[in-house]
Amino acid sequence: MKKDSRKSPREWEFSSASLSYGKANVKVEVQEYNPQLEPRVEWRVGGRSFYSTDCVKCFTDLKFSVARTAIYESGEGAHALTLASPEHLAPVFLMWPSRRFVVDVACNEESDKGCVAEVPLMDGSALPFFSEFRRNVGAPEELAFYDVPVHASWDLFRTDVADSAQAQKPYGSVKISPSEAFEVEYILERNENGHVFKSAANVSIYSAEDLYNVFAARTFILKNEFDEARKAGLLGGVDESCGLLLDDSLEASAPVFRVADEPARHKILDLLGDLCFAKPALPKVRLEIINGGHLSHRTILEKVLPYALQ
C-alpha cells in the first residue's frame, strides 16, 4: 500500500541574500493534512517561538515598524526576537489551508539586544517558495476567506520630507469596500525631477490560480533610491539576483518584466504578505490603493483583522 505522504511532516530549507545580510536562511516544515483544523502557520526565530496564526489575538502584541520591509518584534533586551521581511513567504501558505506549517528563520545577528532574523529574498518574489511547495505538497486547495463589511477611505501623506507644504499634500490614497472575494487595484506613480515612473495592476483573487502572476512579481527599487539607500548604509545584502533595479532616467530603456505590470503586482504581493502574516486567509474586500506601502497596508490590516477573529 502506498504511504499517504500528506501525514508525514517534511522540511525544506531556503537560503539567499536578504535585504541587510549576504546570507539568510529559513526552514519550513509542512505538517499534517487535516481539513478539520484551522489554518496555522507557526513562526519561529532562531528556533524560538515568535508568533502563531492560530492566536490572532496575540498579533497585536508584536511591535511593528518599517524600513523598506515589514519588521516585527517580540520581547525586550537580550530576549528580544526581531523578524524582518516575511511578506514574500507568508502569502504562499494561503494555498494550503488544510496544512499546518512551522517556519523557522535563522538568526542573522545576535547580541545583548536580542536576535534579529530576516527571511531570504530569493529572486525577490514568492515564486521560489511556491514552486518548491507545489512540487512536494501537492495541488493548491480552495482558499480561505472571511467577510469584512467595512467602508473606509483616507489619504496618504509623506513623513520623510522637510518641506511642510509638500508634507501636507496627499501623495496617495486608500479605499476599502466589501466584496465577494479579494480584489485590489494598485497604482504607483512617481514624478520627481523630471523622472516619471508609473505601474498599475488590477487583480481579483477568487482561487489559487489567481495568485500565480502575483507570486511571480519581483521586488523592485528605482536606481536613484537604491543609490541613496546604499549611501545611508542600507540594503547591505542586496545584489542583482534579488529583484529588479529600475533605471528611471529619461534615456533608460524599457525594463524586461516577468509578468505584465510587475512593479504594481509586486506591491500587491507585499500587501498580501502584510495581511496574511497575521492569518493565512483573505478578507473579502475591494481595495483601491495609490502609492501605498507597508505602513498603509498595516492600516488596512488594522481595519480588517477584527473580522478575522469572528
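Strands, as named here, are DSSP runs of E at least two residues long, numbered from the N terminus. With that in hand, a tour of this predicted model can begin at one residue of interest: R100 is found in strand β8, which covers residues 99-105.

R100 offers a small puzzle. The residue is buried, yet no salt bridge is formed by R100. The nearest side chain of opposite charge belongs to D54, 4.6 Å away; a salt bridge requires a side-chain nitrogen of Lys or Arg within 4 Å of a carboxyl oxygen of Asp or Glu, so the pair does not qualify. Leaving aside residues up to four places away in sequence, the contacts of R100 are E29, V30, Q31, E32, L37, E38 and R40.

Around this strand, the chain as a whole contains 18 strands together with six helices. Of its 310 residues, 51% are buried. Among contacts between residues at least 6 apart in sequence, 71% link residues at least 24 apart. The exposed surface of the chain comes to about 14900 Å², with 47% of it supplied by carbon and sulfur atoms.

Helix α6 provides a second stop, spanning residues 294-308. From the first C-alpha to the last, its 15 residues reach 20 Å, close to the 21 Å expected at 1.5 Å a residue. A kink of about 35° is nevertheless present in α6 at E302, shortly before the proline P306. Buried positions in α6 include H294, S296, H297 and R298, and I300, L301, V304, L305 and A308 are buried as well.

Key. Residues numbered from 1 in each chain as written. Predicted model: local features only at pLDDT ≥ 70, side-chain atom pairs only at ≥ 80, totals over all residues. Heavy atoms only, no water. Helix = DSSP H or I, 4+ residues; strand = E, 2+ residues; numbered from the N terminus. Buried < 20%, exposed > 50% of the residue type's maximum accessible area, 1.4 Å probe, protein only. Contact = heavy atoms within 4.5 Å. Areas by Shrake-Rupley, 256 points an atom, 1.4 Å probe, with all protein chains shown as cover. Lys, Arg positive; Asp, Glu negative; His and termini not counted. Expected span 1.5 Å × (residues − 1). Bend = angle between axes of the 7 residues up to and from the residue.
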